[in-house]
Amino acid sequence: MTLVFIREQLRAPLTLALLVALPFLFVVLAADVLGEFADALGGSLVADGATALGAGWSAAFIAGTLGFFQIASAREADRRLARAGIGPFRVAAARIAAAVGLAVLAAAAAYLAMAIEIDVVHPLHAAAAILGYSLIYLGLGALVGCLVRGELEGSLAVAFVFLLDVFSGPGMTEGDGSPLSISRSAADVLLAAAIGAGSPTADWLELAAWVLGALAVAGAGFAFSARSRA
Amino acid sequence: MSGSPSEAESVRPRPSTVAGESPLLQVNKVTKGFRHGVLRRRRIEVLRGASLEVRPGELVGLVGENGSGKSVLMKIIVGLLARDGGEVALAGRLGYCPQEALVWEKLTVAEHFRLFAEAYELTYEQATRAQERLLDELQFARYAGYRTDELSGGTRQKLNLALALMHEPALLLLDEPYSGFDWDTYVRFWEMAEERRAQGMGILIVSHLLAERERLSRVYTLSDGRCVEE
C-alpha cells in the first residue's frame, strides 16, 4: 500500500516539477538574494550559509506541500478504503510511510543541489539537518491538511507559515531567531555544518524533539483524516 | 465493509415483506442535524426519525427530492457520518458505492482493485477472479491499466460500483449508482442487481429518480426527514 501511495504522488506533474525546480531555485538562483534580504533584516547570513539554508527551505517547502496534498487530495478515498476493512490506522501508517519516503527524496534533491554549489564541511550533519527540515514540514503539511479542506486555502496556509519561518529564522534576523521559526533547530545545525562548526548536543536533541513531534502530528493527522465518523 | 451480527440482535425487528429472514440492515428512528453559520448558528434537521430495513434477497429503493437527506442517511449507515440519535444495525459484509466516485486520481483501475482486495482480505486468486469477473460484467476490461483521471465519468462510475461488489457483500448500498452510465450499461446494471438479489444479496438503491420500480421489492420515500414506505 505504501508503494502505491508513493507512486500516486510521483505521478502528479506538480510533484516532479517541485522536486526538480525548487532546489535549483532556492540553492542556485536565490542564495544571493536571500543574503541581501538577511542583511536588510539585520541578519548575518553569509554566502555559504544562505546556500545551505536555501537547501533546507526547498526540502521543507516540498515536504510540507506534499504532506498537505497527500491528505487533501485523497481524504474521501482513504476514508472509504479504511471503512472497507483496512482501518484508519493502517491507512495512516501507509500514508505516513509514503510521506516520509517523499520527504527523504525532497531532502536528497535539496542536498544534491547544495553539494553542487558549495563544499560542506560536515556533510552528514548537513544531510541530517535538511532531512530534519523535511520531516518538520511534513508534520506541518499533514496538520494543515486535517484542519483545512480546500486545496487552495491549505497550500496558502503552508506557504504563509513557511514565509514566517524563513524570515524569522536564524541568520535572517538579529539574535538566534524568533519563536515563530518552527525550523530553527534544523537551521542551527545546518548553518553550523555549512561553516565547519560542530553542533552542541542540545541542538541535536532539540532537532530530534521537533522531528519526533512532527512525525507524531503527521501520524495523528493521517489517522484523523481516514477515521470513521460513526 | 463489515457490520457485527450482534448489533442486529440489539434492535427490535419490524414487519417486512420477506418473512423468516433476519434483516441485513435495520435503520431505526435515525436523526441527524447540521449547524450552519458563524455568528448566528442555525441548525438544520435533515433526518427526523428515519427508519427502514433490508432483508436478504430484497432490492429496496430509497427515493426523495434533492436535499432530502438520502446521501446523509447512506453515509450514516456506512459509518462515514455520525448520527445524532436512533440505531443502525448491520449484519454481514457490506458493500458501498458512493454517489461520487471516491477513487484516487493518479492510480490505475487495476491498482484500485488491488487496494480494495487487501481491504476485503481476499486472497490473490480470489482478487484476480473478482477483478476479471467485474471488468467483464461491466465491460471496461480495456481500461484496467488506465489511471482514473484518464477515464470518462461513466467508466469511473463502473469502477466505483465494481469496488463495492468485489467481495460479493451480503448487503450492497448504492447511492445514485448509474449516473453517467450509457443505456447498455444501465440495462446491464439492473441485470447484475437482479442476479445478485436472486443469490440472496440485499440491495438498497438510493436515487432521486427510480424508473425501474417494478424491479424493486419496495420503495421508501424520504420526505421531511422520515422514510415512508410506498
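Contacts, sheet and exposure in chain B

Me: In this predicted model, what is B:Gly85 in contact with, leaving aside its neighbours within four places in sequence?

Reply: B:Gly85 is in contact with B:Val30 and B:Thr31. The criterion is that the C-beta atoms, placed from the backbone, lie within 7 Å. B:Val30 is 55 residues away from B:Gly85 along the chain, and the C-alpha atoms of the two are separated by 5.4 Å.

Me: Why is B:Gly85 called partly exposed?

Reply: B:Gly85, which belongs to strand β5 of chain B, has 13 C-beta neighbours inside 10 Å. A residue is exposed at 12 or fewer and buried at 20 or more; the count of 13 for B:Gly85 lies in between, so the residue is partly exposed.

Me: What makes β3 and β5 of chain B edge strands?

Reply: The open sheet has three strands in the order β3-β2-β5 (chain B), paired in the antiparallel sense. β3 (42-54) and β5 (85-90) each have a single partner strand, so one side of each is left without a neighbour in the sheet. On average, neighbouring strands of this sheet are turned by 30° against each other, direction ignored.

Me: How do you know that β2 and β3 of chain B pair?

Reply: Pairing requires at least two bridges between the strands. Strand β2 (residues 25-36) and β3 of chain B are joined by ten bridges in the antiparallel sense, so the requirement is met. B:Gly33, for instance, has B:Glu45 in β3(B) as its bridge partner. Helix α2 (residues 70-78) of chain B packs on the sheet, where it touches β2, β3 and β5 of chain B. The direction of helix α2 makes about 115° with that of β2(B).

Me: What makes the phi of B:Glu121 and of B:Glu176 worth noting?

Reply: Most residues other than glycine have a negative phi. B:Glu121 is not a glycine, yet its phi is positive, at about 60°. B:Glu176, also a residue other than glycine, has a positive phi near 45°. B:Glu121 is found in the loop between α3 and α4 (124-137) of chain B, whereas B:Glu176 lies in the loop between β7 (171-175) and α6 (183-198) of chain B.

Me: Why is B:Glu121 called exposed, and why is B:Glu176 called partly exposed?

Reply: B:Glu121 has 12 other C-beta atoms within 10 Å; the class of exposed residues takes 12 or fewer, so B:Glu121 is exposed. B:Glu176 has 19 other C-beta atoms within 10 Å. Since buried requires 20 or more, B:Glu176 is partly exposed.

Terms used:
Residues are numbered from 1 along each chain as its sequence is written. Chains are lettered from A and ligands numbered from 1 in the order in which they are written. This is a predicted model: local features need pLDDT of at least 70, side-chain atom pairs count only at pLDDT 80 or more; totals for chains, interfaces and linings use all residues. Helices (H or I, at least four residues) and strands (E, at least two) are DSSP runs, numbered from the N terminus. Axes are lines fitted to C-alpha atoms, for helices over the stretch in contact, and angles run from 0 to 180 degrees between N-to-C directions. Two residues are in contact if their C-beta atoms, placed from the backbone, lie within 7 Å.
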